Amino acid sequence: MESTSTAPSDQYRRSVLGVPVDACRDVQAAAIGLHARGGGQIVTLNAEMTMAARENPRLGDAIAAADLVIPDGIGVVWALRRQGVVVPRSPGIELARSLLAYAEAHDWKVALVGATPQVMDRLRQLLKQDLPALRLVMSSHGYQPQDAWPGLEAKLRVLHPDLVLVALGVPRQETWIARVRRACPGLWMGVGGSFDVWAGMKKRAPQWMCQVGLEWLYRLAQEPSRWNRFLCLPTFVWEVWRRGKKR
């Protein structure tokens, strides 16, 4: 396997259908190590995002430039296994939560960007209860008017947070992070619908469904309007199967 030039020795960059992904033993340790080296972007890759990246060059470029791309989805884990690379599935929502706990314990400055105003308000309240010592230096919902974003980005550059979690949805969160974080240190991570789950507005799949890789089916049952976004999954499976052990 080919090692990335800036990664620790237990982190290796592979690719699934031409989209990069990192295989490492411990994604939290990899993320903390990335912070120690000055920070960077973390991407949580699943099959849906893999297919989207092949159609959206900006998303593909953002993933390729990211410093840590973790195998979030069971499809990506399966595709890597087809290449002989055995890694555990690393759900982004779990990594993000563990980084928040680490941030509280190590006095990191944290910024949250995204979700609806209602979700962000509720999330602030719950984080005060769950992580009372967390240094939350900024929390801004994602429904800002267009002319407000330059000021928000300027504020982030001044604050220099150690951890920025962004819930703007794919591909917007990845491409926005790729552009903004160049002028800022710290860890930057797109977290999709994690804020909604943490705020209690949505439920995560039961543990048994997560363990067998059916979390996507639970999300589809919660939000049937997303069905068209999952149409790419059979194509993903076919393409991985057709390529065999090729990247």
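## A buried central strand

All five residues of strand 7 are buried, so this strand is largely enclosed by the rest of the structure. The model described here is a predicted one. The side chains of strand 7 are divided between two directions: Leu163, Leu165 and Ala167 point one way, Val164 and Val166 point the other way, and all of them are buried.

Strand 7 has a partner on each side in the pairing described here. With strand 5, strand 7 pairs in the parallel sense over five bridges, and Ala111 stands opposite Val164 of strand 7. With strand 8, the pairing is again parallel and has four bridges. In that pairing Leu165 has Met189 of strand 8 as its bridge partner.

## The sheet as a whole

The chain contains 12 helices and eight strands. Six of the strands form an open sheet in the order 4-3-8-7-5-6, and their pairing is parallel. At the edges are strand 4 (68-71) and strand 6 (135-140), each of which pairs on one side only. From one strand to the next, the sheet twists by 15° on average.

At one edge, strand 3 (residues 39-45) is joined to strand 4 by four bridges, and the two strands run parallel. Thr44 stands opposite Ile70 of strand 4.

## The nonpolar cores

Of the 247 residues in the chain, 51% are buried. The largest nonpolar core has 34 residues, and those with the most contacts inside it are Ile42, Leu99, Leu100, Leu165 and Phe195. Several elements give two or more residues to this core, among them helix 1 (27-36), strand 5 (109-114), helix 6 (117-130), strand 8 (186-190) and helix 9 (194-198). The greatest contribution comes from helix 5, with six residues.

Leu100 shows how such a core is connected. Apart from residues up to four places away in sequence, Leu100 touches Val110, Leu127, Leu131, Leu134, Leu163, Leu165 and Trp198. A second, separate core has 24 residues, including Val19, Val21, Ala79 and Val85.

Contacts across the chain can also be described by sequence separation. Among contacts with a separation of 6 or more, 70% are between residues 24 or more positions apart.

## Helix 4 and its surroundings

Helix 4 (residues 74-82) has Gly75, Val76, Val77, Ala79 and Leu80 as buried residues. In an α-helix there are 3.6 residues a turn, so residues three or four places apart point the same way. The buried residues of helix 4 pack against strand 1 (11-16), strand 2 (19-24), strand 3, helix 2, strand 4 and helix 12.

After helix 4 comes Gly84, which has a positive phi, near 90°.

## Helix 2 against helix 12

The packing of two helices is described by the angle between their axes and the distance between the axes. For helix 2 (residues 47-55) and helix 12 (residues 232-243), the angle is about 80° and the axes are 9 Å apart. Helix 2 is therefore roughly perpendicular to helix 12, as angles of 65 to 115 degrees are counted in this way.

On the side of helix 2, the contact is made by Ala47, Glu48, Thr50, Met51 and Arg54, while helix 12 provides Cys232, Leu233, Thr235, Phe236, Glu239 and Arg243. Grouped by class, the contact of helix 2 with helix 12 has five nonpolar, two polar and four charged residues.

## Ser140 and His141

Ser140 lies in strand 6. The relative accessible area of Ser140 is 14%, and a residue under 20% is classed as buried; Ser140 is therefore buried. Setting aside neighbours within four places in sequence, Ser140 is in contact with Leu112, Val113, Gly114, Met120 and Leu152.

His141 is in the loop between strand 6 and helix 7 (149-159). With a relative accessibility of 19%, His141 also counts as buried. When residues up to four places away in sequence are not counted, His141 touches Gly114, Ala115, Thr116, Pro117 and Met120. Gly114 and Met120 are thus listed for Ser140 and for His141. His141 and Leu168 are 27 residues apart in sequence, and their C-alpha atoms are 9.1 Å apart in space.

Note on methods:
Residues are numbered from 1 along each chain as its sequence is written. Side-chain values use heavy atoms; hydrogens and water are left out. Axes are lines fitted to C-alpha atoms, for helices over the stretch in contact, and angles run from 0 to 180 degrees between N-to-C directions. Angles under 35 degrees count as roughly parallel, over 145 as roughly antiparallel, 65 to 115 as roughly perpendicular and the rest as oblique. Contact means heavy atoms within 4.5 Å. Ala, Val, Leu, Ile, Met, Phe, Trp, Tyr, Cys and Pro count as nonpolar, Asp, Glu, Lys and Arg as charged, and the others, Gly among them, as polar. Two strands pair if DSSP finds at least two bridges between them. A nonpolar core is a set of buried Ala, Val, Leu, Ile, Met, Phe, Trp, Tyr and Cys residues joined through side-chain atoms within 4.5 Å. Buried means under 20% relative accessible area, exposed over 50%, partly exposed in between (1.4 Å probe, protein chains only).
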